[in-house]
Amino acid sequence: CLYCVSVSAEDADLSKRIMGYKWVKERFARHGVMFGDSLFRLTYEIQTGSLPDNDENHPRTRAEAVIDQFVEAVGLPENLIRASEVQSRPDYSNILDSIEKSFANNADFRESVIHCADTFVARQCKRGTLRIPKSAAMDLSIQYVLEEIAIYDTIASDGWLTDAYLGRELP
């Protein structure tokens, strides 16, 4: 089971991330943690309206800081996966292409992805963190969902078929 950690622009409560990982570690013989470091670039753009080249809050810098804090708190997990590493695998691009074709050609799948993206954008509006036009945020959110699905499909071939994501949106 992979414990999945989203990276965010604001400082998240590290103790909740640690508890979530420990919960997974205690219950699954094969366990690990996956950080959505590369996906954060899309969220960052939605929430800030920009993607800076040289900035201490740059998505890559922020993601590395979150990973470093996590590893310092729990030690180096046996399986630490960065979404960016998955996205650099040769099989990832083929999987993403297939998913994008499904999005273009399968109305039910497209509707589901759009619903997911719309839910995310609505949360950003409610929180006051949407810094770009809603239509641009929808485009980036749809891309996020498609890339996320491709990441999960790619790691499924490695045997990672179960994940735990304890996001703040959950009750």
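**View 1. Helix 5 and helix 7 are oblique to each other in this predicted model.** Two packed helices are described by the angle between their axes and the distance between the axes. Here helix 5 (residues 90-105) meets helix 7 at an angle of about 130°, and their axes are 9 Å apart. Angles over 145 degrees would count as roughly antiparallel and 65 to 115 as roughly perpendicular, so this pair is called oblique. The crossing of helix 5 and helix 7 is right-handed.

**View 2. A closer look at the contact of helix 5 with helix 7.** From helix 5 come Asp91, Tyr92, Ile95, Leu96, Ile99, Glu100 and Phe103. Helix 7 brings residues including Ile142, Leu146, Ile149 and Asp153. Sorted by class, the contact has 10 nonpolar, 2 polar and 4 charged residues.

**View 3. An open sheet of 4 strands.** Follow the strands in the order 3-2-1-4; their pairing is parallel. Strand 3 (80-82) and strand 4 (163-164) stand at the edges with a single partner strand each, so one side of each has no neighbour in the sheet.

**View 4. Strand 1 beside strand 4.** Strand 1 (residues 2-5) runs parallel to strand 4 and is joined to it by 2 bridges. To find your way, look for tyrosine 3, which stands opposite alanine 164 in strand 4.

**View 5. Helix 1 and helix 7 with the sheet.** Helix 1 (residues 14-27) packs on the sheet and touches strand 1, strand 2 (32-35) and strand 4. The direction of helix 1 makes about 165° with that of strand 1. Helix 7 (residues 134-156) lies across strand 1, strand 2 and strand 4, and runs at about 150° to strand 2.

Methods:
Residues are numbered from 1 along each chain as its sequence is written. This is a predicted model: local features need pLDDT of at least 70, side-chain atom pairs count only at pLDDT 80 or more; totals for chains, interfaces and linings use all residues. Side-chain values use heavy atoms; hydrogens and water are left out. Two strands pair if DSSP finds at least two bridges between them. Contact means heavy atoms within 4.5 Å. Axes are lines fitted to C-alpha atoms, for helices over the stretch in contact, and angles run from 0 to 180 degrees between N-to-C directions. Angles under 35 degrees count as roughly parallel, over 145 as roughly antiparallel, 65 to 115 as roughly perpendicular and the rest as oblique. A crossing is left-handed if the near helix is turned anticlockwise from the far one by less than a right angle, and right-handed if clockwise. Ala, Val, Leu, Ile, Met, Phe, Trp, Tyr, Cys and Pro count as nonpolar, Asp, Glu, Lys and Arg as charged, and the others, Gly among them, as polar.
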